Amino acid sequence: PGRAPLLTGLSLCVLAARAAGKDILDGVYNNVRDAEGFEAECLQGKQFGFDGKTLIHPSQIEPCNRVFAPSEEEIEHSRKVVAAFEEATREGRGVVTVDGRMVENLHVDNARRILASL
């Protein structure tokens, strides 16, 4: 909740990591006694585009893994996106839709990153 002033900087870091083909981790959450706040910041970090979070206490491992690990739904969707895109490429098509939504290169890149994390 207190990171709004950092949004531009955090976003630029995520964009730079993506442009360089690197994973990027969100910074530490210092209040190790605030499990709810930690999980909320993990969720926010995932929404910002971070790949994970740096940890400072063993109690942070499980919630971090739970938040940042892809869900079964994300995995299945990623497989569909990659398969549809590869089929379209083989057929010489430049546009593909999955579940009624247009898929672009950035969606394919995100799907491949999710599948590579398995």
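**Exercises on Glu41, Val32 and Glu86**

**Exercise 1.** Identify the residues in contact with Glu41, leaving aside its neighbours within four places in sequence, and decide whether Glu41 is buried or exposed.

*Solution.* Step 1: with contact taken as heavy atoms within 4.5 Å, Glu41 touches Arg3, Asp26, Gly27, Val28, Tyr29 and Lys53. This is a predicted model, in which local features need pLDDT of at least 70 and side-chain atom pairs count only at pLDDT 80 or more, while totals for chains, interfaces and linings use all residues. Residues are numbered from 1 along each chain as its sequence is written, and side-chain values use heavy atoms, with hydrogens and water left out.

Step 2: Glu41 lies in helix H2, helices being DSSP runs (H or I, at least four residues) and strands likewise (E, at least two), numbered from the N terminus.

Step 3: the relative accessibility of Glu41 is 10%, so this residue is buried (under 20%; exposed is over 50%, partly exposed in between; 1.4 Å probe, protein chains only).

Step 4: Gly27, one of the contacts, is 14 residues from Glu41 along the chain, with 9.7 Å between the C-alpha atoms.

**Exercise 2.** Locate Val32 in the chain and state its exposure.

*Solution.* Step 1: Val32 sits in the loop that runs between strand S1 (25-26) and helix H2 (35-48).

Step 2: its relative accessible area is 35%, and therefore Val32 is partly exposed.

**Exercise 3.** Place Glu86 in its helix and give its C-alpha separation from Asp34.

*Solution.* Step 1: Glu86 belongs to helix H4 (residues 72-90).

Step 2: a relative accessible area of 35% makes Glu86 partly exposed.

Step 3: Asp34 is 52 residues away in sequence, and the C-alpha atoms of Glu86 and Asp34 are 44 Å apart.
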